[in-house]
Amino acid sequence: MTTTSIEHEDLAEDLRRIRLSGRLDMVGVGEIEMRFTSLAASRPIRVLVDLTGVSFLASVGLRCIIHSAKALELKGGRMALLLGENTVVRGTLDTVGVSDIIPVCDDEAAAMDALTV
Amino acid sequence: MASPPPPAAIPLEIQAAPLELRRASAWLRASGDSMAVPAVQIDRLEICLNEVLANLLEHGGTKESGEPILLRLYTITPDAGAGVRLEISDGGLPFDPLVASDKPLPSSLSEASPGGLGLRLVRAYTDGMAYRVLEHRNELSIEMHWSPQS
């Protein structure tokens, strides 16, 4: 079983990339949730959440992402999700309607466009 | 003519603890491999298993009951041609996911509610689901079907 990790990089003053990897199940989310919320939703910035390295996304992970996206939006920021070729995670996001309320992009250029709108 | 004997089930007993969900996932993947279950069905079944177990831990009273959760996986022969059935048995509070209704999908982020996502995933991914209470234990069955040519 893969472990869960979180990394971030500030690409500009108002643009942050957060890369999540591994399993976003109950255990994995417990390991990264506080740091993710702090990185994603503490300032009114554009946040690109890179899920290309996520091998498993459970509803607890979806809740974590939705919660932070809502908090970010309330502060005046915006979130987009980057998936690449991750069809398993794409299926989960589509099934629960997350891809209708948070931009979900296949590549980084599209994600940047979604964050610029 | 006598009906064929039921196929051998692969069992696992776990405790109601978060780390046990990962042991259950590993067991499901290894068992599915041994039964030649296609990757798509295993991916979906793993999500269903994880959601059901997470629900038991968070809301089902399974942790408080102290009773183990019993899992069984075995092959079935549905109309589609091939399939597996996963049985999840627990000693917590009765809950029939077949009668619980899905919340409507949100049209905006501000409308999004964090509840009910797991049940929606289970309903969407399973090809068959049944629930019963048997000897004071909840028993949920989840099926995945596929064509042998797929």
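Q: What radius of gyration does chain A have, and with which expected value does it agree?
A: In this predicted model, chain A has 117 residues, and for a compact globule of that length a radius of gyration near 13 Å would be expected. The C-alpha atoms of chain A fill a box of roughly 35 × 25 × 20 Å along the principal axes. The value for chain A agrees with that expected for the globule, for it is 13 Å.

Q: In what order do helices and strands follow one another along chain A?
A: The secondary structure of chain A consists of four helices and five strands. Read along the sequence, these elements give the pattern β-β-α-β-α-β-α-β-α.

Q: What share of the contacts in chain A between residues at least 6 apart in sequence joins residues at least 24 apart?
A: A contact here means that heavy atoms lie within 4.5 Å. Among the contacts in chain A between residues at least 6 apart in sequence, those that join residues at least 24 apart make up 66%.

Q: What percentage of the exposed area of chain A is supplied by carbon and sulfur atoms?
A: Of the 117 residues of chain A, 52% count as buried. The area that chain A does expose comes to about 5000 Å², and the part of it supplied by carbon and sulfur atoms is 49%.

Q: How far apart are the mean positions of the positive and negative charges of chain A?
A: Chain A carries 12 positive and 17 negative charges, and a mean position can be taken for each of the two sets. The distance between these mean positions is 6 Å.

Q: Is Asn50(B) buried or exposed, and which residues of chain A does it touch?
A: Asn50(B) belongs to helix α2 of chain B, which covers residues 39–59. Because its relative accessibility is 2%, and buried means under 20%, Asn50(B) counts as buried. Leaving aside residues up to four places away in sequence, Asn50(B) touches Leu21(B) and Ser25(B) in chain B, and in chain A it touches Arg23(A), Asp25(A), Phe56(A) and Ala58(A).

Q: Where in chain B is Ala36(B) found?
A: Phi of Ala36(B) is near 60°, a positive value in a residue other than glycine. With a relative accessible area of 60%, Ala36(B) lies over the 50% cut-off and is therefore exposed. Its place in chain B is the loop between α1 (18–34) and α2.

Q: Is Glu135(B), a residue of chain B, buried or exposed?
A: Glu135(B) sits in the loop between β4 (128–134) and β5 (137–146) of chain B, and its phi, near 50°, is positive although the residue is not glycine. Since its relative accessibility is 71%, and the cut-off is over 50%, Glu135(B) counts as exposed.

Conventions:
Residues numbered from 1 in each chain as written. Chains lettered and ligands numbered in written order. Predicted model: local features only at pLDDT ≥ 70, side-chain atom pairs only at ≥ 80, totals over all residues. Heavy atoms only, no water. Helix = DSSP H or I, 4+ residues; strand = E, 2+ residues; numbered from the N terminus. Rg over C-alpha atoms; globule rule 2.2 N^0.38 Å. Buried < 20%, exposed > 50% of the residue type's maximum accessible area, 1.4 Å probe, protein only. Areas by Shrake-Rupley, 256 points an atom, 1.4 Å probe, with all protein chains shown as cover. Lys, Arg positive; Asp, Glu negative; His and termini not counted. Charge placed at Lys NZ, Arg CZ, Asp CG, Glu CD.
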